[in-house]
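Colleague: I am new to this structure and would love a close look at one part of it. Could you walk me through the charged side chains and the surroundings they sit in?

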Amino acid sequence: MLSFVVPAHNEERLLQGTLDAIREAASTTGELYEVIVVDDASTDRTAFVAESCGVRVVRVAHRQIAASRNSGAKSAIGDLLFFVDADTRVNPEVIGQSIAAVRAGAVGGGAAIKFDDPIPFYARVLLPILVLSFRMSRLAAGCFVFCTRDAFAAVGGFNEAYFGAEEVIISRALGRQGRFVILRSTVVTSGRKLRGYSAAELMTSMFRVARRGTKGVQRR
């Protein structure tokens, strides 16, 4: 069975598109599946949108995406877990390739990403470099990660000591359990953070994290 875990905080605007895309992609696989929205202390209609789409809602108050994903995984019953951000749209190709990779022996993986338009020019230039570097390093982008339940349990899930880069940490942990793949297929995620911050602001933030190492992502 496939379990899709969608962490969400105040995502009423984009959530339905994400859930519709999951349902469409999962229905093409011929596999049983479930969708779990982890509503993390939302103050908008996130839970209402999820319930209107007929999916299961788990309510938490972590205000931390790693902990929210772990709560969703605890409620899931599938043996293949997909963690999909609430602003990210999957497709039949990426789900089909994920299943095929696991059946071929992979313990998990991620996919290439695209941002929805419009995004700043600098992001268009840097995105191919970012995708290539993640592929070469075998690291999943945080908006889409999949893995077997056994591998997820073996690494202890997402590390809740971190408020950022948790996808990098679990990618490396899963890679120590077995083959971790980055698919050729692509998911589409929101470019709203790129639209909301300047290149200078984003680079400054990245520099601070790089300078402080893992300590830079251990505080909110």
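Modeller: Happy to; what follows is a tour of the charged side chains, with a stop at the aromatic rings along the way.

Please keep in mind that this is a predicted model. To get your bearings, the protein chain has nine helices and eight strands. Of its 220 residues, 49% are buried. If you look at contacts between residues at least 6 apart in sequence, 77% of them join residues at least 24 apart.

Let us begin with the salt bridges, of which the structure holds seven. One of them pairs the side chains of Arg45 and Glu12, at 3.8 Å from N to O. Arg45 belongs to the loop between strand 2 (33-40) and helix 2 (46-52), while Glu12 belongs to the loop between strand 1 (2-8) and helix 1 (15-27), so this pair ties together parts that are 33 residues apart in sequence. Both partners have some access to the outside: Arg45 is partly exposed, with a relative accessible area of 45%, and Glu12 is partly exposed as well, at 33% relative accessibility.

Another salt bridge joins Arg59 and Glu51, whose closest N and O atoms are 3.1 Å apart. Here Arg59 counts as exposed, with a relative accessible area of 51%, whereas Glu51 is partly exposed at 42%.

Now move to Asp85 and Arg69, which form a salt bridge with their closest N and O atoms 3.0 Å apart. Asp85 sits in the loop between strand 4 (80-84) and strand 5 (88-89), and Arg69 sits in helix 3 (residues 65-75), so the pair ties together parts that are 16 residues apart in sequence. Asp85 and Arg69 are both buried. The link does not stop at two residues, as Arg69, Asp85 and Glu166 are connected in a network of salt bridges. Arg69 has an aromatic neighbour too: its charged end sits over the ring of Phe158, 4.9 Å from the ring centre.

That ring is a good cue to turn to the aromatic side chains. The structure holds eight aromatic pairs. One of these is formed by Phe4 and Phe82, which are stacked, with 4.7 Å from centre to centre and 15 degrees between the planes. Phe4 comes from strand 1 and Phe82 from strand 4, so the pair ties together parts that are 78 residues apart in sequence. Phe4 is buried, at 0% relative accessibility, and Phe82 is likewise buried at 0%. Both rings belong to one aromatic cluster, made up of Phe4, Tyr33, Phe82, Phe144 and Phe146.

Back to the charges, this time to two that have no salt bridge. What surrounds Arg135, a buried residue without a salt bridge? Arg135 lies in helix 5 (residues 121-137). The nearest side chain of opposite charge is that of Glu93, 11 Å away. The side chain of Arg135 does reach the backbone oxygen of Ile182, at 2.8 Å. Leaving out residues up to four places away in sequence, Arg135 touches Ala112, Ile182, Leu183 and Arg184.

The other case is Asp40, found in strand 2. Asp40 is also buried and has no salt bridge, and the nearest side chain of opposite charge is that of Arg63, 4.7 Å away. A salt bridge needs the nitrogen and the carboxyl oxygen within 4 Å, so Asp40 and Arg63, at 4.7 Å, do not form one. Arg63 is still among the residues in contact with Asp40. Setting aside neighbours within four places in sequence, Asp40 is also in contact with residues including Ala8, His9, Val60, Ala61, His62, Gln64 and Ser68.

Our last stop is Arg89, which has its place in strand 5. At 47% relative accessibility, Arg89 counts as partly exposed. Along the chain, Arg89 and Thr18 are 71 residues apart, and their C-alpha atoms are separated by 5.1 Å. Thr18 is also one of the residues that Arg89 touches, along with Gly17, Ala21, Val187 and Val188, not counting residues up to four places away in sequence.

How values were computed. Residues are numbered from 1 along each chain as its sequence is written. This is a predicted model: local features need pLDDT of at least 70, side-chain atom pairs count only at pLDDT 80 or more; totals for chains, interfaces and linings use all residues. Side-chain values use heavy atoms; hydrogens and water are left out. Helices (H or I, at least four residues) and strands (E, at least two) are DSSP runs, numbered from the N terminus. Buried means under 20% relative accessible area, exposed over 50%, partly exposed in between (1.4 Å probe, protein chains only). Rings of Phe, Tyr and Trp (its six-membered ring) pair if their centres lie within 6.5 Å; planes under 30 degrees apart count as stacked, over 60 as edge-to-face and the rest as tilted. A charge sits over a ring if NZ of Lys or CZ of Arg is within 6 Å of the ring centre and within 35 degrees of the ring normal. Lys and Arg count as positive and Asp and Glu as negative; His and the chain ends are not counted. A polar contact is a pair of N or O atoms within 3.5 Å; within protein, one must be able to donate a hydrogen and the other to accept it, and residues adjacent in sequence count only if both atoms are side-chain atoms. Contact means heavy atoms within 4.5 Å.
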